[in-house]
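Q: I have a model open and would like to go through some of its helices and odd spots. Can you take my questions as they come?

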Amino acid sequence: MRLSLRDWSAEGTKNTEDTEGAEATTRPPLLLLHGLAGHAGEWDVIARRLRADGHRVVALDQRGHGASERRPRDVSREAYIADILFVIEELGLERPVLIGQSYGAHAALLAAAAHSALLSAAVLVEAGPARTTPGTVAEVGGWLRAWPVPFPTREAAVAHLGGGPVGEGWADGLEVRADGLWPRFDPEVMTAALAENTGRDRWEEWAAIAVPVLAVLGRHGIVPAEEYERMAGRQPARLYGSGVPGTGHDLHLERPEVLHAVIADFLSGLPSRPPSAR
């Protein structure tokens, strides 16, 4: 398995220390997880801002995506979670915060449920514990297969993929070849990865999470109000919620500055921790 990632070290010296000269505290590292058919570069704008806030920021091309293994044999949810744990251990990320969007947020949810002791918190952008319908898998697969590839120009790709910042964000993930621009994923791999989410919902795992969770939803996103209310009912002490007006499912591309502000505010409220003795 080959995994590719982008790693931003914290900018400058951002440890905090009170006026009494008490022990300094460090800000937790952040591991960013993109959505289905996405890529690590989707997080660039937000990652730079979080780096400037004093966090080490790592954005992973998940298996089957971007520069990581394109046709992995295993696309189960367990395999994606194992990749998260491997990156945490390999890079020495001490109790990171997982931040994911859509399919990446679903992976963050499951990782937090099974391994809360390894984490400081989780941020779920446009995702919840409800199962995916078979109709959604077919719809997503049909959309991905209908891309008119190769795109002759970046402008053509941006226009087809939604235009504006959303189209730009998707186009950034394309591979430039001699005959045009191609996606860096296989639609069959994407639909196989998504299909497992149709098997059952994940409410049991949601209830097992033992760290603070921020859920950020687009006003016109895919998580219905009823699902969020059920999430709040099962995690009343740990769930923090925020909605971003005028946005949809790809709100991290539509309003990255707003999402950064929401995440930064959440992170500032986490319990501080002393720096590692290592």
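What follows is a chat about some helices, their packing and a few single residues.

Q: What kind of model is this?
A: The model is predicted.

Q: OK, start with α11. What should its 13 residues span, and how far apart are the end C-alpha atoms?
A: Helix α11 covers residues 256-268, and at 1.5 Å a residue it should span 18 Å. Its end C-alpha atoms are 18 Å apart, which agrees.

Q: Which residues of α11 are buried?
A: Pro256, Leu259, His260, Val262, Ile263, Phe266 and Leu267 are the buried residues of α11. Seen down the helix axis, they fall within an arc of 165 degrees, so they line one face of α11.

Q: Why would residues a few places apart point the same way?
A: An α-helix has 3.6 residues a turn, so residues three or four places apart point the same way.

Q: And which exposed residues are on the face turned away from the buried side of α11?
A: That face carries Asp265 and Ser268, which are exposed.

Q: At what angle do α1 and α11 pack?
A: Helix α1, residues 44-52, packs with α11 at an angle of about 40 degrees, and their axes are 9 Å apart. The crossing of α1 and α11 is right-handed. On the α1 side, the contact is made by Val45, Ile46, Arg49 and Leu50. On the α11 side, it is made by Pro256, Glu257, Leu259, His260, Ile263 and Leu267.

Q: Switching to α4. What span should it have?
A: With 12 residues at 1.5 Å each, α4 should span 16 Å; its end C-alpha atoms are 17 Å apart, which agrees.

Q: Which residues of α4 are buried, and which are exposed on the other side?
A: Val137, Gly141 and Leu144 are buried in α4. Viewed down the axis of α4, these buried residues fall within an arc of 65 degrees, so they line one face of the helix. On the other side of α4, Ala138 and Glu139 are exposed.

Q: What do the buried residues of α4 pack against?
A: They pack against α7.

Q: How do the axes of α4 and α7 cross?
A: The axes of α4 (residues 134-145) and α7 (residues 187-195) come within 9 Å and cross at roughly 165 degrees. That makes α4 roughly antiparallel to α7. The crossing is right-handed. From α4, the contact is made by Val137, Val140, Gly141, Leu144 and Arg145. From α7, Pro187, Glu188, Met190, Thr191, Leu194 and Ala195 take part in the contact.

Q: What about α2 and α3, how do they pack?
A: They pack at an angle of about 75 degrees, with their axes 9 Å apart. That makes α2 roughly perpendicular to α3. Arg77, Tyr80, Ile81 and Ile84 of α2 make the contact with Tyr103, His106, Ala107, Leu110 and Ala111 of α3.

Q: Staying in α2, is aspartate 83 buried or exposed?
A: Aspartate 83 is buried, with a relative accessible area of 7%. The helix runs over residues 77-90. Leaving aside neighbours within four places in sequence, aspartate 83 is in contact with Met1, Leu3 and Arg63.

Q: And leucine 85, how does that count?
A: Leucine 85 also lies in α2, and at 25% relative accessibility it counts as partly exposed. Not counting residues up to four places away in sequence, leucine 85 touches His115 and Leu118. The C-alpha atoms of leucine 85 and histidine 115 are separated by 8.8 Å, and these residues are 30 residues apart along the chain.

Q: Now the backbone. What is phi of serine 102?
A: Phi of serine 102 is near 55 degrees, a positive value in a residue other than glycine. Serine 102 is in the loop between β4 (97-101) and α3 (103-114). Serine 102 is buried, with a relative accessible area of 16%.

Q: What is phi of glutamate 126?
A: Phi of glutamate 126 is near 60 degrees, a positive value, and the residue is not glycine. Glutamate 126 sits in the loop between β5 (121-125) and α4. Its relative accessible area is 1%, so glutamate 126 is buried.

Q: Last one. What kind of peptide bond joins valine 149 and proline 150?
A: A cis peptide bond, with omega about 0 degrees. Proline 150 is in the loop between α4 and α5 (154-160).

Technical notes
Residues numbered from 1 in each chain as written. Predicted model: local features only at pLDDT ≥ 70, side-chain atom pairs only at ≥ 80, totals over all residues. Heavy atoms only, no water. Helix = DSSP H or I, 4+ residues; strand = E, 2+ residues; numbered from the N terminus. Buried < 20%, exposed > 50% of the residue type's maximum accessible area, 1.4 Å probe, protein only. Contact = heavy atoms within 4.5 Å. Expected span 1.5 Å × (residues − 1). Arc of directions from axis to C-beta. Axes fitted to C-alpha atoms, helices over the stretch in contact; angles between N-to-C directions. Parallel < 35°, antiparallel > 145°, perpendicular 65-115°, else oblique. Left-handed = near helix turned anticlockwise from the far one by under 90°.
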